[in-house]
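Morning, everyone. Please bring the structure up on your screens, and we will walk through it together.

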Amino acid sequence: MATTASTASHTSLASVTLEVADVEAAQRFYTAFGVADHLRLKASAATASGFRGFTLALTVSGPATVDGFLAAAVDAGATVLKPAAKSLWGYGGVVQAPDGTIWKIATSAKKDTGPATSRIDEMVLLLGVEDVKATKRFYVGQGLTVAKSFGGKYAEFASDGSGVLKLALYKRSGLAKDLGVPADGDGSHRVVLAGTGAPFTDPDGFTWE
């Protein structure tokens, strides 16, 4: 059963920084993709192989907008992991940026009610974790407020309401399967989270500044 909370969080996700080998190349890609205004980039030589344990998911208004974002990403150099397709929940596809970050673009709408736009309704940083319940408890202890929770499968935290960015947890193996990649991976996550509270590192090694 899902649970919800309406109280405002004391701590929330303020920004996401991707660690990339070439900041200028990544900036060009994310500008062309249409998400540069919602990200920060930092040069890093940290090694990583396989699944890095997270995805950034864009929720948009309709299938035409999904197709527009996917086409922009591919034109800028992204690799298609899952072509856009209809499903029980809507329509979406998955791509991997040249820096290795995996992006999912989706909509709950199965038909367009208007023309394609460049608007992003939500950008969710979805962390793949080993134990959703344990990590959820950890984050509550850090001052985040649970907005939605589906047992040990998924948890979403309240945002501060000032932008499109949200944080959610999903079981690592399930997230990898949803993205169409093997769950194995080693090395750095190559992502840094910035919050409104004190710095910490979560049980799965994701670092907050």
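**Strands, pockets and one cavity**

Let me start with a hairpin. Strands β10 and β11 pair antiparallel, with four bridges between them. This is a predicted model, so keep that in mind throughout. Within the pairing, Lys148 sits opposite Glu156 of β11. Three residues lie between the two strands of the hairpin. Look at Gly151 there: its phi is positive, near 55 degrees.

Next, the open sheet. How many strands form it, and in what order? Five, running β3-β2-β14-β16-β15, with mixed pairing. The edges are β3, residues 40-43, and β15, residues 200-201; each of these pairs on one side only. Helix α1, residues 23-33, packs on this sheet. The helix touches β2 and β3, and its direction makes about 160 degrees with that of β3.

Now go further into the sheet. Strand β2 covers residues 13-20, and β14 covers residues 191-195. The two run antiparallel and are joined by five bridges. One pair to click on: Leu18 stands opposite Val191 in β14.

Let me stop at one residue on an edge strand. Thr201 belongs to β15. Is Thr201 buried, partly exposed or exposed? Its relative accessibility is 45%, so Thr201 counts as partly exposed; the partly exposed range lies between 20% and 50%. Setting aside neighbours within four places in sequence, Thr201 contacts Phe138, Phe206 and Thr207. For a sense of scale, take Gly50, which is 151 residues from Thr201 along the chain. The C-alpha atoms of Thr201 and Gly50 are 21 Å apart.

On to the pockets. The largest pocket holds about 670 Å³ of space. It is lined by 21 residues, and the closest to its centre are Ala57, Thr59, Lys104, Leu126 and Tyr154. Which elements give two or more residues to that lining? They are β5 (54-59), β8 (102-107), β9 (122-129), β10 (146-150), β11 (154-157) and β12 (165-171). So our opening hairpin strands, β10 and β11, turn up again here. The largest share comes from β5, with four residues. As for chemistry, the lining of the largest pocket has 11 nonpolar, four polar and six charged residues.

The second largest pocket has a volume of about 190 Å³. Its lining has 16 residues, and Ala14, Ser15, Gly163, Val164 and Leu165 are the closest to its centre. Which strand gives the largest share of this lining? That is β2, with four residues. By class, the lining of the second largest pocket splits into seven nonpolar, six polar and three charged residues.

Last, the enclosed space. The count is one cavity of 30 Å³ or more. The largest cavity has a volume of about 40 Å³. Its lining is made of Ser12, Leu13, Leu144, Phe157, Ala158, Ser159, Leu165, Lys166 and Leu167. Strand β12 gives the most to that lining, with three residues. Six of the lining residues are nonpolar, two are polar and one is charged. Notice Leu165: it lines this cavity, and Leu165 is also among the residues closest to the centre of the second largest pocket.

To recap. The open sheet has five strands, with mixed pairing. The largest pocket is about 670 Å³, the second largest is about 190 Å³, and the largest cavity is about 40 Å³. Thanks, that's my walk-through.

Key:
Residues are numbered from 1 along each chain as its sequence is written. This is a predicted model: local features need pLDDT of at least 70, side-chain atom pairs count only at pLDDT 80 or more; totals for chains, interfaces and linings use all residues. Side-chain values use heavy atoms; hydrogens and water are left out. Two strands pair if DSSP finds at least two bridges between them. Contact means heavy atoms within 4.5 Å. Axes are lines fitted to C-alpha atoms, for helices over the stretch in contact, and angles run from 0 to 180 degrees between N-to-C directions. On a 1 Å grid over the protein atoms alone, a cavity is a set of points where a 1.4 Å probe fits but cannot get out, and a pocket is an open set with protein on both sides within 12 Å along at least five of seven lines; lining residues have an atom within 4 Å of a point. Grid points are joined across faces, edges and corners, and a volume is the space filled by probe spheres set on the points. Ala, Val, Leu, Ile, Met, Phe, Trp, Tyr, Cys and Pro count as nonpolar, Asp, Glu, Lys and Arg as charged, and the others, Gly among them, as polar. Buried means under 20% relative accessible area, exposed over 50%, partly exposed in between (1.4 Å probe, protein chains only).
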